[in-house]
Amino acid sequence: RAGLGKPRFGAWTQEAQAARQVLQQSVRSLRREQGRQRVDWLVFEAEHLLVTASQVLHLNRDPKTAKAALQYADEALRNTEDPVWLTVRRQLAGEMDSLDRIRVPDRAGIAFRIRAFGESVERLPLVPVPEPVAQAQPESYGSTWWDKTRDWRKQLGELVRTLVIVERVRAPGPALLEPRQHQYLVENLKLLMRIAEVALERADQESYERHLNQARSWIERYYDPDLAEVAAALQTLDELRREKTNPVTP
């Protein structure tokens, strides 16, 4: 017992205090690391939301969902409490304002109108084809060859004067179709409407307008535009052509 001496309480206390300081420093460092990782995670989340907004806008043509993604990205940057992101948040505010200005077309409603128009084209009235005029049998004049020839020439001259009329046409009339050819025209018009509907779904404005213009030219050519049903069909095509399938996006 004499060799052990008294316990060194002072040295033990100093070691304990040093260990405590090291532990406190480790805890503070861990907290800083956790805080830094949280900020990095928020920035990564905002970046992912920005990429998602761009894809939704340019691939799906959905500005409403794109704006929602930008709002979540702005909220993530706000939660970082870092003023370095204020410039980015100001740019996001401008992007969200531009998304509010986009006029989103009602593609479903336009597609239903195109489909209904394609189903109604077979009810459009065609220009009637005039019946062939029955030619009267020539009467016999005299029995000699000279008398018959002279009478034939006289009748031919009168027939030409009564049948051939030359006049200036300012606007060509609609082309005439036989009833058996009408079905081919109807099927071609339906095909044009179907292609226009596909172009609408793909947001292909050039193809959409081209096929509607082709349908309009055929209706003007083979139907009488003075009829009320045909005029209404042409007006419907004009309204459909003014629709924008691919609005300008930021």
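## An all-helix predicted model, seen through R216 and V56

Let's begin with a helix pair: α7 and α8 cross in a left-handed sense. This is a predicted model, and the protein has eight helices and zero strands. Two residues make good places to look around: R216 in helix α7 and V56 in helix α1.

**The protein as a whole**

- Following the sequence from start to end gives the pattern α-α-α-α-α-α-α-α.
- The protein has 250 residues, and 24% of them count as buried.
- Among contacts in the protein with a separation of 6 or more, 73% are between residues 24 or more positions apart.

**How α7 and α8 pack**

- Two packed helices are described by the angle between their axes and the distance between the axes.
- Here, the axes of α7 and α8 (residues 228–241) come within 10 Å and cross at roughly 170°.
- An angle over 145 degrees counts as roughly antiparallel, so that is how α7 and α8 run relative to each other.
- On the α7 side, the residues that meet α8 are Q205, Y208, E209, L212, N213, A215, R216, I219 and E220. Their partners in α8 are V230, L234, L237, D238, L240 and R241.
- By residue type, this contact of α7 with α8 divides into eight nonpolar, two polar and five charged residues.

**A close look at R216**

- R216 sits in α7, which spans residues 205–222, and is one of the α7 residues that meet α8.
- Is R216 buried or exposed? Its relative accessibility is 18%; because buried means under 20%, R216 counts as buried.
- Which residue shares a polar contact with the side chain of R216? The partner is D238, through its own side chain, and the contact is 2.7 Å.
- Leaving aside residues up to four places away in sequence, R216 touches L234, L237, D238 and R241. These four residues also appear among the α8 residues that meet α7.

**A close look at V56**

- Helix α1, where V56 is found, covers residues 9–59.
- V56 has a relative accessibility of 14% and therefore counts as buried.
- With residues up to four places away in sequence not counted, V56 touches R61, D62, T65 and A66.
- One of these, A66, lies ten residues from V56 along the chain, and the C-alpha atoms of the two are separated by 5.9 Å.

Terms used:
Residues numbered from 1 in each chain as written. Predicted model: local features only at pLDDT ≥ 70, side-chain atom pairs only at ≥ 80, totals over all residues. Heavy atoms only, no water. Buried < 20%, exposed > 50% of the residue type's maximum accessible area, 1.4 Å probe, protein only. Polar contact = N/O pair within 3.5 Å; in protein donor to acceptor, adjacent residues only side chain to side chain. Contact = heavy atoms within 4.5 Å. Axes fitted to C-alpha atoms, helices over the stretch in contact; angles between N-to-C directions. Parallel < 35°, antiparallel > 145°, perpendicular 65-115°, else oblique. Left-handed = near helix turned anticlockwise from the far one by under 90°. Nonpolar A, V, L, I, M, F, W, Y, C, P; charged D, E, K, R; others polar.
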